[in-house]
Amino acid sequence: MTLPDALSRLPLPVIGAPLFIISNPKLVIAQCKAGIVGSMPALNARPASQLDEWLAEIAEALAAHDRAHPERPAAPFAINQIVHKSNDRLEHDIEMCAKHKVPIVITSLGARTDVNDAVHRWGGIVLHDVITNAFARKAIEKGADGLVLVAAGAGGHAGVKSPFALVQEVREWFAGPVALSGAIATGGAVLAAQAMGADFAYIGSAFIATDEARASDGYKQAIVAGTSDDIVYSSYFTGVHGNYLRPSVIAAGLDPDRLPESDATKMNFGSGGAAKAWKDIWGCGQGIATIKQVLPTEQLVERLRREYSAARSRLALGR
């Protein structure tokens with residue numbers, strides 16, 4: 001399989017997942033300079049007019065990096081678009097992405113032919129995130145170029161499928177670009193994702209605990225202190241099942257073991273009672289036990305690169 005140009009030259013096969021509220025140009029630029037795809041949700045730019053400024057900032061910073069370091073150009077960046085009908089900014093945000101010719105668009109919560117066609121018109125590619133094989137088929141039928149498989153253990157809105165099951169089901173019929181998400185926070189896990197059949201690892205929670213991330217110190221320290229036992233899976237906060245940090249649920253005055261179900265038809269991005277997702281209720285995946293300190297993004301990526309290389313060497317030596 002031949003990967004699209006935008007994804008074919010990554011020194012480390014990693015896509016930084018778009019983190020609602022948390023990702024910003026500073027984090028995206030740092031990820032791309034470090035050699036992985038950096039991304040952020042379009043909705044993080046508030047007001048909407050700020051998206052134009054942020055896209056210009058990212059493009060200019062990466063172009064300057066490439067001029068200064070032609071031997072190691074920056075990785076491309078991606079913008080996440082929520083294509084669900086609740087997003088009344090979608091048309092505006094797509095127009096901004098077209099203006100700046102964003103190389104990769106990651107679509108979520110629905111698959112739309114019109115959005116895919118728009119991205120293709122300016123030469124971009126679309127990766128659509130899915131939690132089941134059935135949704136994967138619909139996404140490709142509607143024109144997505146690749147898939148992000150959001151398996152069990154992923155932060156934020158996540159599925160319940162084992163990554164082993166989900167990747168093998170999709171690879172039975174799809175040969176295009178595939179990224180795998182779900183509790184990936186080490187270089188060894190990146191290599192494991194490839195061994196299963198994915199092209200890329202899709203890593204989010206580890207980047208919350210970085211200097212550049214726009215998360216509170218409490219949020220970052222909760223990730224450093226946490227393990228998979230501290231993750232709660234619930235639909236209560238947005239109408240869609242997702243993974244959240246238990247301490248933040250308790251701090252909001254809620255019992256994490258007795259959260260009611262919420263109606264997916266009433267999906268929202270703000271409230272679950274008085275507590276707001278993702279501001280008060282902190283999204284997070286199950287892979288955080290390996291996160292021991294808050295680091296600059298460059299250092300986190302370098303750790304992943306060392307671990308990835310070491311894992312490959314171990315396999316080559318048969319041990």
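Hi everyone, this is a short walk through one sheet, two helices and a buried histidine.

Before we start, this is a predicted model, where local features need pLDDT of at least 70 and side-chain atom pairs count only at pLDDT 80 or more, while totals for chains, interfaces and linings use all residues. Residues are numbered from 1 along each chain as its sequence is written, and side-chain values use heavy atoms, with hydrogens and water left out.

Let's begin with the sheet. Its eight strands (DSSP runs of E, at least two residues) are parallel and open, in the order β1-β9-β8-β6-β5-β4-β3-β2. Pairing here takes at least two DSSP bridges between two strands. β1 (14–16) and β2 (38–41) are at the edges with a single partner strand each, so one side of each has no neighbour in the sheet.

Within it, β4 and β5 run parallel, joined by four bridges, and I104 sits opposite I125 in β5.

β5 also holds H128. Is H128 buried or exposed? H128 is buried, at 5% relative accessibility; the cut-offs are under 20% relative accessible area for buried and over 50% for exposed, partly exposed in between, with a 1.4 Å probe and protein chains only. Beyond neighbours within four places in sequence, its contacts (heavy atoms within 4.5 Å) include T107, S108, A139 and G146.

Now to helix α4, residues 113–121, where V115, N116, A118 and V119 are buried. They span an arc of only 160 degrees around the axis, which puts them on the same side of α4; that arc uses directions from the helix axis to the C-beta atoms. Helices are DSSP runs of H or I, at least four residues. Among the elements covering those buried residues are α3 (90–99) and β5 (125–130). Just after α4, G123 has a positive phi of about 95 degrees. Thanks for listening!
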